[in-house]
Amino acid sequence: MAVVLRQKVSAKILGERGIMLDKKLAKQFPPVGKEFTLKYGDVQDKVCIEVRDCECMGPERPHQHPFLPLGAIATALPWGAMRRIVIVKVSANTYEVRPEVKGGQK
Ligand SMILES: [Zn+2]
């Protein structure tokens with residue numbers, strides 16, 4: 001098992017119910033449009049990487065980012081200030097979201 005993503009749970013993620021990825025990070029997940037299972041505790045959902053328009057470099061430089069929707073996981077997570085999560089790849093088609101444990105998961 002490998003940690004593919006460490007992420008602070010922000011208001012942006014909560015609002016968008018998903019995580020914008022850079023291209024390098026997106027390679028850790030199945031390709032755009034390919035369904036996989038995302039788990040958090042007893043909750044699981046089928047999601048796939050999407051492509052979203054983005055203006056993070058200003059409206060004059062529109063571009064796109066891969067986006068990981070959290071699906072049902074978004075509501076299940078114990079959201080809170082400064083909460084951190086990791087996403088672990090448990091098999092080719094299954095990824096698990098876990099609270100980040102300090103000094104824990106490798
Ligand atoms: Zn951007």
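**Figure 1. Antiparallel pairing of strand 5 with strand 6 in the predicted model.** Five bridges connect strand 5 (residues 50–54) to strand 6, and the two run antiparallel. Strand 6 spans residues 63–69. One of the residue pairs to look for is Glu 50 of strand 5 with its bridge partner in strand 6, Phe 67.

**Figure 2. Strand 2 against strand 6.** Strand 2 covers residues 18–20 and is joined to strand 6 by three bridges, again in the antiparallel sense. Gly 18 lies opposite Pro 69 of strand 6. Ile 19 has Leu 68 of strand 6 as its bridge partner. In a regular strand, side chains point alternately to the two faces of the sheet.

**Figure 3. The three-stranded sheet, order 2-6-5.** This view brings together the strands of the two preceding figures. The sheet is open and its pairing is antiparallel. Strand 2 and strand 5 are the edge strands, each pairing on one side only. On average, neighbouring strands of this sheet are turned by 40° against each other, with direction ignored.

**Figure 4. The five-stranded sheet, order 1-7-8-3-4.** This sheet is also open, but the pairing of its five strands is mixed. At its edges are strand 1 (residues 2–8) and strand 4 (residues 43–47), each of which pairs on one side only. Neighbouring strands here are turned by 25° against each other on average, direction ignored.

**Figure 5. The edge strand 1 and its partner, strand 7.** Strand 7 comprises residues 84–91 and runs antiparallel to strand 1, to which it is joined by six bridges. Within this pair, Lys 8 stands opposite Arg 84 of strand 7.

**Figure 6. Surroundings of Pro 30 in the loop between helix 2 and strand 3.** Helix 2 is formed by residues 23–26 and strand 3 by residues 36–40; Pro 30 belongs to the loop between them. Apart from neighbours within four places in sequence, Pro 30 is in contact with Phe 36, Ile 49 and Asn 93. Pro 30 and Asn 93 are 63 residues apart along the chain, yet their C-alpha atoms are separated by 7.5 Å. Pro 30 counts as partly exposed because it has 16 C-beta neighbours inside 10 Å, a count that falls between the limit for exposed residues, 12 or fewer, and that for buried residues, 20 or more.

Conventions: Residues numbered from 1 in each chain as written. Predicted model: local features only at pLDDT ≥ 70, side-chain atom pairs only at ≥ 80, totals over all residues. Pairing = 2+ DSSP bridges. Helix = DSSP H or I, 4+ residues; strand = E, 2+ residues; numbered from the N terminus. Axes fitted to C-alpha atoms, helices over the stretch in contact; angles between N-to-C directions. Contact = placed C-beta atoms within 7 Å.
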